[in-house]
Amino acid sequence: MTKRHGYALLAAVLAVIVVISAAIYVGVSRTDDGSQDTISAGPRSPRNSAAPASAGTWVGTWAASPAAAEPNTHQRGFAGRTIRNVVHTSVGGDSARITLSNLYGRQPLSITHASIAVAAGSNNPAVAPDTLRRLNFNGNTSVVIPAGEQVMSDAVRLRVPHDGDLLVTTFSPTPSGPVTFHPHARQVSFVADGDRTEDPNGQAFAQQSTSWRYLSAVDVLSNESDGTVVVFGDSLTDGISSTMGANARWTDALADRLRDESGAPRYGVVNEGISGNRILSDGNGTPADNPSGLSRFDRDVLNRTGVKAVVIALGVNDILRNPHQNDPDRIVEGLRELTRQAHTRGLRVVGATLMPFGGHRGYETELENVRQAVNKEIREGKVFDEVVDFDKALRDPYDPRKLRGQYDSGDHLHPSDAGYRKMAETFNLVHLKGSAAAEL
């Protein structure tokens, strides 16, 4: 062989190596680890069918803020029982992952099996055919969550529908102590004896619950959405007084508008309302039950997946609940601080005026004056980037201290289903677009 022929053969071998290396690189897909919002997989299906197999953006489709330790669970928790949480999606996707919280636990929480599935129907523990997926945590079917911490599952391939119900099921074999939960879910979930994590028919789930346990978020890898809006509030956001199991919270109606209306930003909606929540004051305990808006903002807003904007609807409980906060300047300054925190992450902030509560058992003229003073500052553009005037939209035009009759659930504080729809209809979706203001 001549030297020239030898060089030609060497060049050909090197070319083959380059082609093979490129093929291997393209064929290997990676799973999002939470540090980036967008992933792209290779053209061939991954060997692990649980891994994402399409391009998209990770966004929040559902969330609920851990609010307290569930009463009467401090000894055994739900040892030897299966919890099947039912949650309603705001946007769909091709893959999903969940977050479990042991925030209020006093000892490690052992989860030996977990699954996710599309529900066969509304308020139904049965699984839709061919949708049950086992969840892993760093490749393992079991996970131990230390007290006070949370964990995110690996992503699993699942076609998640928008405006549909998911079943997120967990089994804990051993006593875990206090159960981290979100009460007042306005949604029926289920409990069964034994490990029923992969039970598709739901017949064993005889016990019903109106709380969400351990589960704090569901994210989806979505091609229909490019971000998340977090709605941060109290019982008016949590949906107290809305029809049970009907997904009639105002945030549900907001999600419908964001999906359906032309020109609206394509955002998933996550509801971080806690009934009774205040801007300035924590509840009792360590960690605090019902933590203040200021103390939970980082956890429930800034650390949510794909967050682009936040809606803040807080302040009524600071006025109404004892000890009453009679200084409107302190409430306004607390709201400004939330806005400043959001701006550090470049988030757009839309703030709500405080709705009337005339006729409520806690009503006092002095408290009404505080509400009016806070609303004046909000309307003058001194607190948020944009304002949604829920007060103006729902108040009685003949007695502005009260909710209009058709929008009043009957307790003169919380809206009816019609009132919640009116809140969503009042919202200017364009206000969610754009970057944060430089300074207020």
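How many bridges pair strand β4 with β14, and in which sense? The two strands, β4 (residues 81-88) and β14, pair over four bridges in the antiparallel sense.

## Basis of the model

This is a predicted model, in which local features need pLDDT of at least 70 and side-chain atom pairs count only at pLDDT 80 or more, while totals for chains, interfaces and linings use all residues. Residues are numbered from 1 along each chain as its sequence is written, and side-chain values use heavy atoms, with hydrogens and water left out.

## Strand β14 and its partners

Helices (H or I, at least four residues) and strands (E, at least two) are DSSP runs, numbered from the N terminus. Two strands count as paired if DSSP finds at least two bridges between them. Strands of a sheet pair through backbone hydrogen bonds, either parallel or antiparallel.

Strand β14 covers residues 189-193. Four of its five residues are buried (under 20% relative accessible area, 1.4 Å probe, protein chains only), so β14 is largely enclosed by the rest of the structure. In the pairing with β4, T82 has A192 of β14 as its bridge partner. Strand β14 is also joined to β15 (residues 207-209), by three bridges, and these two strands run antiparallel. There, the bridge partner of S189 is S209 in β15.

## A three-stranded sheet

Three strands form an open sheet in the order β3-β13-β16, with antiparallel pairing. Its edge strands, β3 (68-69) and β16 (212-213), each pair on one side only. Strand β13 (residues 180-182) is joined to β16 by two bridges, and the two run antiparallel. F181 has R213 in β16 as its bridge partner.

## Helix α4 and R299

Helix α4 spans residues 293-302 and includes R299. The buried residues of α4 are G293, R296, F297, D300, V301 and L302. They pack against β18 (227-233), β19 (267-273), β20 (307-313) and α6 (328-344).

R299, by contrast, is partly exposed (between 20% and 50%), with a relative accessible area of 25%. Leaving aside residues up to four places away in sequence, R299 touches S65, P66, L103, P291 and R304, where contact means heavy atoms within 4.5 Å. Its side chain makes a polar contact with the side chain of S65 at 2.8 Å. A polar contact is a pair of N or O atoms within 3.5 Å; within protein, one must be able to donate a hydrogen and the other to accept it, and residues adjacent in sequence count only if both atoms are side-chain atoms.

The backbone oxygen of P66 lies 3.2 Å from a polar atom of the R299 side chain. R299 and P66 are 233 residues apart along the chain, and their C-alpha atoms are separated by 10.0 Å.
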